[in-house]
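User: I'd like to learn how to read a structure feature by feature. Could you walk me through this one?

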Amino acid sequence: MSVATIEDTKQILDQLVAFPTISHDSNLAMLDYLASFFGQLGARVFLQHNKDGEKANLFATLGPEKDGGVVLSGHSDVVPVEGQNWSSDPFKMVERDGRLYGRGTCDMKGFLACCLATARGAAELNLVRPLHFAFTYDEEVGCFGAQALVKELARRNFRPSVALIGEPTMMRVIEGHKGCYEYTTNFVGLEGHGSQPDLGVNAIEYAARFITHLMGLGEKLKGQAMAGSRFDPPWATIQVGRIFGGAGRNIIAGNCSVEWEMRPVQRSDAALVKESLDTLINQHLLPEMKAVSHSAGIETIVVGEVEGLQVVAQSEARDILYEITGANGADVVAFGTEAGLFQEAGISAIICGPGSIEQAHKPNEFVDIDQLKSCLKMLSRLQSKLV
Ligand SMILES: [Zn+2]
C-alpha cells in the first residue's frame with residue numbers, strides 16, 4: 001500500500017496555489033487539473049457547472065458504487081489579495097521555516113492537496129466503502145457551490161453517510177457552528193417634496209421601523225439562549241451592517257436598502273425571525289405604504305443562507321473522527337462552513353482540517369507543514385477504515 005508523502009502533498013499544493021481561484025473569477029482551470037488527476041486514478045468524476053458555466057463543482061469517487069461512503073469536502077475558491085501587503089507572490093507557494101506560504105495554503109488548498117495525495121494511495125486499494133471527493137466553488141461568497149452540489153447528489157441518488165469538511169481547525173474536531181443567513185431588504189417608496197411628507201412614502205422611515213423590529217428580535221433571541229450552549233455568544237444574533245437610501249435632506253426618500261444578517265444557533269431561530277418579519281411587512285408596513293402609492297414595495301433578496309452545523313447526540317462522523325485523530329472531545333466554532341448543508345441533506349458531517357483560521361484571509365497566509373503531516377496521518381487512517 002502506498003502511503004501519501006508530505007513531498008507529494010507539497011508538490012500538489014504548489015500546483016493548486018498557482019491557480020488564482022479567487023471567488024469572483026472562474027475556477028475551471030483548476031477543476032480541469034483536478035478532473036484529470038482523478039481521471040488518471042480511475043475515479044468516477046462529474047463536474048457540475050454554475051449557471052453561467054464559469055465555475056464548477058467536482059465530485060469524484062473511488063471504490064464501489066454504493067451508499068454509505070465518506071466524502072472529503074473542501075472549497076476550491078480563495079479570498080482576494082487586493083489591498084493586502086504580501087511579502088511574496090500570493091499565487092506562488094514559498095516554503096520558509098517549516099511553513100508553506102501562499103493564498104489558500106491554509107484555507108483550504110492545503111487540505112485539498114492532502115486529499116489528492118491520499119487519493120493516489122486509495123486508488124490502489126480494494127475499498128469496500130466508497131471514498132468521495134467534493135470540491136466546490138463560491139464557498140467564500142455564500143456556499144453557492146455546495147448548495148447546488150447537495151441537491152445534485154440527491155438527484156443522482158448518491159447517499160454517502162459521512163462528510164468530513166477540512167476547513168482549518170488546527171486538526172481539532174469541530175462538531176458545530178452557527179448558521180449565517182445574509183440578506184438585503186430593499187424599500188421602494190414614493191419621492192416628493194420634504195414639506196409634504198404625507199403625499200409621499202418615505203422609504204427610510206419604513207426601513208427604520210424594519211430595523212427597530214430587527215433589533216427587538218435580536219433582544220428576544222438573546223433571551224432564548226439554550227442552557228449549556230458552547231457558542232460565544234450563546235444566542236442567535238442579528239446585525240445590520242449597512243444602510244443607504246434617499247437623495248437629500250428635503251426630498252422624501254424614494255428608496256432605502258438595508259444589508260443585514262442573522263446567525264442562528266438552531267434552524268428554529270431563523271424560522272422565528274422570518275415569521276415575525278413576514279407579519280410586520282405584510283400586515284403593517286406594506287398596507288400603509290400601498291395606501292399612498294401602489295408602486296411602493298418591500299423586497300428581501302437572499303444573499304446566502306448557510307446552514308449551521310447542529311451538535312447532535314449520535315454522530316457517525318464524530319465517532320470516526322475520534323477514532324482516526326485520537327481526539328476525545330469536539331468543539332464548536334464561530335465561523336460558518338459547508339458542513340451544515342451536508343447535515344441538512346442527511347449526511348453526518350464534521351469539520352477537521354490543517355492550519356489555523358487565524359491565517360485564513362490574511363496577507364502572508366500559511367500552513368504549517370506539520371499540520372499537513374497530521375492531516376495525511378488522519379486521512380491514511382480513514383482510508384484504512386474503508387477497506
Ligand atoms: Zn474556507
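User: Which strands each supply at least two residues of the lining of the largest pocket?

Analyst: Happy to help! This is a predicted model, where local features need pLDDT of at least 70, side-chain atom pairs count only at pLDDT 80 or more, and totals for chains, interfaces and linings use all residues. Residues are numbered from 1 along each chain as its sequence is written, and side-chain values use heavy atoms, with hydrogens and water left out. On a 1 Å grid over the protein atoms alone, a pocket is an open set of points where a 1.4 Å probe fits, with protein on both sides within 12 Å along at least five of seven lines; lining residues have an atom within 4 Å of a point. Strands are DSSP runs (E, at least two residues), and helices likewise (H or I, at least four), numbered from the N terminus. Here the strands are β9 (180-188) and β12 (297-306).

User: What volume does the largest pocket have, and which residues are the closest to its centre?

Analyst: A volume is the space filled by probe spheres set on the points, joined across faces, edges and corners. The largest pocket has about 390 Å³. Of its 17 lining residues, E139, E140, C180, G336 and H361 are the closest to the centre.

User: Which protein donors does the zinc ion have?

Analyst: Donors are N, O and S atoms within 2.8 Å of the metal (3.2 Å for Na, K and Ca); water is not among the atoms, so sites may look incomplete. Here they are H75 (NE2), D107 (OD) and E167 (OE), with E167 (OE) listed twice, at 1.9 to 2.6 Å from the zinc ion. D107 sits in helix α3 (residues 105-122) and E167 in the loop between β7 (162-165) and β8 (174-177), 60 residues apart.

User: Why is the arrangement around the zinc ion irregular?

Analyst: Ideal angles for four tetrahedral donors are 109.5 degrees. Four donors count as tetrahedral if all angles lie between 85 and 135 degrees, or as square planar if opposite donors are over 155 degrees apart and all others between 65 and 115. The angles here are 52 to 139°, which makes the arrangement irregular.

User: How do I read strand β2?

Analyst: In a regular strand the side chains alternate between the two faces of the sheet. A56, L58, A60 and L62 point one way from β2, while N57, F59 and T61 point the other way. Seven of the seven residues of β2 (residues 56-62) are buried (under 20% relative accessible area, 1.4 Å probe, protein chains only), so the strand is largely enclosed by the rest of the structure.

User: Which strands pair with β2?

Analyst: Two strands pair if DSSP finds at least two bridges between them. Strand β1 (residues 44-49) pairs with β2 in the antiparallel sense over six bridges, and Q48 stands opposite N57. Strand β6 (residues 131-136) also pairs with β2 in the antiparallel sense, over five bridges, with T61 opposite H132.

Conventions: Tetrahedral: all angles 85-135°; square planar, octahedral: opposite > 155°, others 65-115°. Buried < 20%, exposed > 50% of the residue type's maximum accessible area, 1.4 Å probe, protein only.
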